[in-house]
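Let's walk through this structure together, one piece at a time. Have the sequence and the 3D view at hand as you read.

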Amino acid sequence: MMMKRLLTLLFIGSVMAFGVIAVAQAESPTVNQAVTRPAMELQSRDVRASWFLHPPTIDGDLSDWPIATKISLTGQNAAAPADSELLREEDLSGWLSVLWTSDRVYLAISVRDEYVVRESRNWMNDDMASIVFDVDQSGDYSVGDVLLTLSPDSLLTVNGGWPAGYEWASTIIDGGWQGEISIPRQEFGGVDFLGDVQVGFNWGLQDNDGIGVESWLSWAGPEYLRPTPDQGTLMFTDGPIRKWVAFHPGVDGYNGLVETTLSSWQPDTNYGNDAQFTIYSRNQFHTLMKFDIPDLGPDVRVLKGRVHIYAESRNHEWTSYVRIYRLLRPWDEGAATWFQADASTRWAVAGANSVGVDREGQAIGGGTLDRLGWFTFNLSSSAVQDMYANPDTNYGIIFRAEEGSSVRYVFTSSEGNGENAPWFEVYAEFPPNSD
Ligand SMILES: [Ca+2]
Ligand SMILES: [Ca+2]
Ligand SMILES: [Ca+2]
Ligand SMILES: [Ca+2]
């Protein structure tokens, strides 16, 4: 056991990215030395972490934490070492809480320790908390597992190295120390947390009161710095609901989608009330479209969106390439033409073509027109999120066929056959129990 632990220390020391120098003669616990222990009392080592919309602030102050499950660790309930029940709670004990948001996992750690010591060149020799996520539940260390150590002086290590994308803070308090850590969700292998994902889990505490590491506690299993077959489990539960929400003109009272064609052939004609709209390549006809995204309720996040249009005819069986840009100024469906944005305002450049004034220069979507029927265009997530968050500056989009053969595609408009009218949908995240 001691050898294994030493090897773990050496392993972690050897992969340190930079900073602290690994010390080969890492001090081992002199008290509470792990020995073979008979079957321990059964306690629940299967814990849950709930999803929260509003995460705590990572500042080392735990008062902003919701009343979440505290996973307590004392000499009495520790899985190891064998004689840990001799430890007084004020000498070494603590609790840990876990919660998650859609982007990150959050940890709070509170430690009771009479003498907070953080003085060695190697943090491994001082007061420290460890958290072990056995992401693949192999019961052993694998690439992709997440082994954290947090020290009272706000030193965090991740798999023995420097953290990337983490936030963390520790503070020393009366009778001990505490800390908070925020972990990017990608650290958990990109798994989709929405499906009640479970990982292997353990945590531990280590105590130096001035003469080296003199005691430690492991919550589940014989070791606290790496996965073991005897570790516990942690399940991420109560996640949000994600679903597509569709908006069809004229359906369920939705009346927020308008479109019109800009024709360079008839630059003074408005087509806002036509039953069709046209995209004609080599920049001959463009289409403007605007869709209001209704408020989906409190605490709902829009993640992405897409628009669907139906091609009912074309003048050649040729291919056209469409790019979609955000518009930057208001326009009037009933008055907009190749020259005019509305009855009294001209485009800065005809065809709504002044980048930075009439439209953006960076496409937020696009695709190929090569047949008749339905086409779906995914729009950039950030653009859709911004349209939802700032409806006052959602001026809609322009479809431009800039290249390809000179071919005209004609689509059903919102004034045309309702079944084939353009529609859009957003993929949104709703808090649990909001259904
Ligand atoms: Ca805080
Ligand atoms: Ca593993
Ligand atoms: Ca201490
Ligand atoms: Ca129209």
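On one side of helix 2, Ser382 and Ala389 are exposed, where exposed means that 12 or fewer other C-beta atoms lie within 10 Å of a residue's own, buried means 20 or more, and partly exposed is in between, with C-beta atoms placed from the backbone. The buried residues of this helix, which spans residues 381-389, are Ala383, Val384, Met387 and Tyr388. Because these four cover an arc of only 135 degrees around the axis, they sit on the same side of helix 2; the arc is taken from the directions that run from the helix axis to the C-beta atoms. They pack against strand 17 (301-314), strand 18 (320-326), strand 20 (373-379) and strand 23 (423-430). Contact here means C-beta atoms, placed from the backbone, within 7 Å.

A word on what you are looking at: this is a predicted model, in which local features need pLDDT of at least 70 and side-chain atom pairs count only at pLDDT 80 or more, while totals for chains, interfaces and linings use all residues. Residues are numbered from 1 along each chain as its sequence is written, and chains are lettered from A and ligands numbered from 1 in the order in which they are written.

Now step back to the whole chain. The protein chain has 2 helices and 23 strands, which are DSSP runs numbered from the N terminus (helices H or I, at least four residues; strands E, at least two). Of its 435 residues, 39% are buried.

Next, the interior. In soluble globular proteins, nonpolar side chains tend to be buried together. The largest nonpolar core holds 48 residues, and Leu107, Ala129 and Trp203 touch the most other members. Such a core is a set of buried Ala, Val, Leu, Ile, Met, Phe, Trp, Tyr and Cys residues joined through C-beta atoms within 7 Å. Strand 4 (residues 104-112) gives this core its largest share, 6 residues. Apart from it lies another core, of 46 residues, including Leu288, Trp338, Tyr409 and Phe424.

Finally, visit some loops. Trp123 lies in the loop between strand 4 and strand 5 (128-134), and it counts as buried because 21 other C-beta atoms are within 10 Å. Pro81, in the loop between strand 2 (71-73) and strand 3 (93-100), is joined to Ala80 by a cis peptide bond, with omega about 0 degrees. Asp252 is not a glycine, yet it has a positive phi of about 55 degrees; with 8 C-beta neighbours inside 10 Å, Asp252 counts as exposed.

How values were computed. Contact = placed C-beta atoms within 7 Å.
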